[in-house]
Amino acid sequence: MTLMDDLQTVSKATYLCSVGQLLKTLPEQEAAAILKAIDNPGTSATLLSRVLAKHGHEVHRKTIARHRLRGQKEKGCVCQ
């Protein structure tokens with residue numbers, strides 16, 4: 001292959017934080033409930049992190065806080 005061939009296959013990489021990875025592995029109802037809690041500004045990221053850890057899902061509170069800001073380039077999560 002030539003350089004030109006290789007350059008045509010380059011695309012923007014998509015990344016998921018640990019919240020995004022967790023959401024992909026859970027049943028739809030659980031993922032929706034977690035996402036609803038994350039998107040609720042009244043839900044403590046620390047307490048949500050503890051609840052997830054209690055059920056075997058290690059997600060840091062800072063990751064939850066960043067995920068809330070997904071779509072905001074400077075402060076937000078890498079998830080879209």
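Okay, a quick definition before we start: the angles I quote run from 0 to 180 degrees between the N-to-C directions of two helices, and the axes are lines fitted to C-alpha atoms. And bear in mind that what you're looking at is a predicted model.

So, first pair: H2, residues 18–25, and H3, residues 28–39. They pack at about 150°, and their axes sit 9 Å apart. Anything over 145 degrees counts as roughly antiparallel, and therefore that's what we call H2 and H3. Who makes the contact? From H2 you have Val19, Leu22 and Leu23, and from H3 it's Ala31, Ile34, Leu35 and Ile38. If you sort those by class, you get seven nonpolar residues, no polar ones and no charged ones.

Let's stay on H3 for a bit. How far apart are its end C-alpha atoms? They're 16 Å apart, and that agrees with the 16 Å you'd expect for 12 residues at 1.5 Å a residue. Now look at what's tucked away on that helix: Ala31, Ile34, Ala37 and Ile38 are buried. Those four cover an arc of only 125° around the axis, which puts them on the same side of H3. Swing round to the other side of H3 and you'll find Glu28, Gln29 and Lys36 exposed. As for what the buried residues of H3 pack against, that's H2, plus helix H4 at 45–54 and helix H5 at 61–68.

Which brings me to H5. Its buried residues are Thr63, Ile64 and His67. Look down the axis of H5 and they fall within an arc of 100°, so they line one face of the helix. The cover over those buried residues includes H2, H3 and H4.

Let me zoom in on Thr63, one of the residues in H5. Buried or exposed? Its relative accessibility is 11%, so Thr63 counts as buried, the cut-off being under 20%. Leaving out anything up to four places away in sequence, Thr63 touches Cys17, Ser18 and Val19. You've met Val19 already, by the way, on the H2 side of the contact with H3.

Last stop, Asp6, over in helix H1, residues 3–8. With 36% relative accessibility, Asp6 counts as partly exposed, because that class sits between the 20% and 50% cut-offs. And if you want a distance to check on screen, try Asp6 to Arg70: they're 64 residues apart along the chain, with 31 Å between their C-alpha atoms.

That's my tour, thanks.

Notes. Residues numbered from 1 in each chain as written. Predicted model: local features only at pLDDT ≥ 70, side-chain atom pairs only at ≥ 80, totals over all residues. Heavy atoms only, no water. Helix = DSSP H or I, 4+ residues; strand = E, 2+ residues; numbered from the N terminus. Parallel < 35°, antiparallel > 145°, perpendicular 65-115°, else oblique. Contact = heavy atoms within 4.5 Å. Nonpolar A, V, L, I, M, F, W, Y, C, P; charged D, E, K, R; others polar. Expected span 1.5 Å × (residues − 1). Buried < 20%, exposed > 50% of the residue type's maximum accessible area, 1.4 Å probe, protein only. Arc of directions from axis to C-beta.
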